[in-house]
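Thanks for coming. I will go through one model today, starting with charged pairs and then moving to empty space and the surface.

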Amino acid sequence: MAQHYLLSPAACTLPLREVTRMTEDEAYSMFKSIKWPDGIPTCPECGCKDSWTLIPDRKWKCRGKVIDLNTGVTSRCYLQYTVTSRTPLHSRKKPFVEILEAILNFVDGALGLAALKGRRLLGYSYKTPFVFQSKIREALKVDYDQKLEGVVEVDGLFVGSSKVKPPFPITNEAELEKILRHLSTQADIAGCRERATFT
């Protein structure tokens, strides 16, 4: 039987104590290496890797060309972008170290992290971790047309009202109606994950 991903060494490559000891520049470099693994800033609008540097290692202006699909006219992109442009974190106010801490705390738990616990860990008001966790969930959205390959793990749960054990056998229609009414108040949630292959 294959080992669960959370028990593998790849699941703990970045411990929380390492993140808390990072400087702001180290955390920014980590964000940059995650966003652009090849190290070349890429325009989120047109995908061009050719740009002018506006603020060294922080802000760029695209030199690429964009074709208008309606008119067919080619024009310059000239988009000014940063590491967080066109992401849920585009209007961030927190430093990169604190953002990394919050992301790590959220994804470290199998069930995520309650906003109240995030409030206690990071020392903010309740609204800050609540909004930030919504941004993390938005960033985790996946294109549902994507096909999963290899070993796929599937898990599910029912969310809603308390569990009712139906009587067996169901003898009349009133009991059946009661069970069906109860089941209609629950939501079914299923999650799929493609297992990473380790070499």
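Is Glu-45 buried, partly exposed or exposed? With a relative accessibility of 43%, Glu-45 counts as partly exposed. Keep in mind that this is a predicted model.

First, the overall layout. The protein has six helices and seven strands. Reading from the N terminus, the order is α-α-β-β-β-β-β-α-α-α-β-α-β. There are 199 residues, and 23% of them count as buried.

Now back to Glu-45 and its partner. Glu-45 forms a salt bridge with Arg-86, at 2.4 Å from N to O. This pair links distant parts of the chain, 41 residues apart: Glu-45 sits in the loop between H2 and S1, and Arg-86 in the loop between strand S5, residues 80-81, and H3. Arg-86 counts as exposed because its relative accessibility is 54%, and the cut-off for exposed is over 50%. The backbone at Arg-86 also deserves a look. Its phi is near 60°, which is a positive value in a residue other than glycine.

How many salt bridges are there in total? The count comes to five. I will cover two others besides the one above.

One of them joins Lys-32 and Asp-57, where the closest N and O atoms are 2.2 Å apart. Lys-32 belongs to helix H2, while Asp-57 is in the loop between S1 and strand S2, residues 59-62, so the bridge ties together parts that are 25 residues apart in sequence. Is Lys-32 buried or exposed? Lys-32 counts as buried, because its relative accessibility is 15% and the limit for buried is under 20%. Its partner Asp-57, at 37%, is partly exposed. Asp-57 is another residue with a positive phi, about 65°, although it is not a glycine.

The other one is between Asp-50 and Arg-63, with an N to O distance of 3.8 Å. Asp-50 is in the loop between H2 and S1, and Arg-63 is in the loop between S2 and strand S3, residues 65-67, so this pair ties together parts 13 residues apart in sequence. Asp-50 is partly exposed at 37% relative accessibility. Arg-63 is partly exposed as well, with a relative accessible area of 30%.

Next, the empty space. Rolling a probe the size of a water molecule over the atoms shows where empty space is left. How many cavities of 30 Å³ or more does a search of the whole structure find? The search finds one, and the volume of this largest cavity is about 30 Å³. Its lining is made by Ala-102, Leu-113, Gly-118, Leu-122, Pro-129, Phe-132 and Gln-133. The elements that give two or more residues to this lining are helix H4, residues 115-122, and helix H5, residues 127-139. H5 gives the largest share, three residues. By type, the lining of the largest cavity has five nonpolar residues, two polar ones and no charged ones.

Then there is an open site, the second largest pocket, which holds about 550 Å³ of space. It is lined by 18 residues, and those closest to its centre are Phe-31, Ile-34, Leu-89, Ile-103 and Ala-139. Which helices each supply at least two residues of this lining? They are H2, residues 24-35, H3, residues 96-108, and H5. H5 therefore appears in the lining of the cavity and in that of this pocket. The pocket lining divides into 14 nonpolar, two polar and two charged residues.

Last, the surface. Trp-52, Leu-54, Ile-55 and Tyr-78 make a nonpolar surface patch of about 370 Å². Trp-52 is in strand S1, which covers residues 51-55. Its relative accessibility is 34%, so Trp-52 counts as partly exposed.

To recap the three bridges I described: Arg-86 pairs with Glu-45, Lys-32 with Asp-57, and Asp-50 with Arg-63. For the space, keep the cavity of about 30 Å³ and the second largest pocket of about 550 Å³. That is all from me.

Conventions:
Residues numbered from 1 in each chain as written. Predicted model: local features only at pLDDT ≥ 70, side-chain atom pairs only at ≥ 80, totals over all residues. Heavy atoms only, no water. Patch = residues over 30% accessible without salt bridge, like charges linked within 9 Å, V, L, I, M, F, W, Y side chains within 5 Å. Areas by Shrake-Rupley, 256 points an atom, 1.4 Å probe, with all protein chains shown as cover. Salt bridge = Lys/Arg side-chain N within 4 Å of Asp/Glu carboxyl O. Helix = DSSP H or I, 4+ residues; strand = E, 2+ residues; numbered from the N terminus. Buried < 20%, exposed > 50% of the residue type's maximum accessible area, 1.4 Å probe, protein only. 1 Å grid on protein atoms, 1.4 Å probe; cavity = no way out; pocket = protein on both sides within 12 Å on 5 of 7 lines; lining within 4 Å. Points joined across faces, edges and corners; volume = space filled by probe spheres on them. Nonpolar A, V, L, I, M, F, W, Y, C, P; charged D, E, K, R; others polar.
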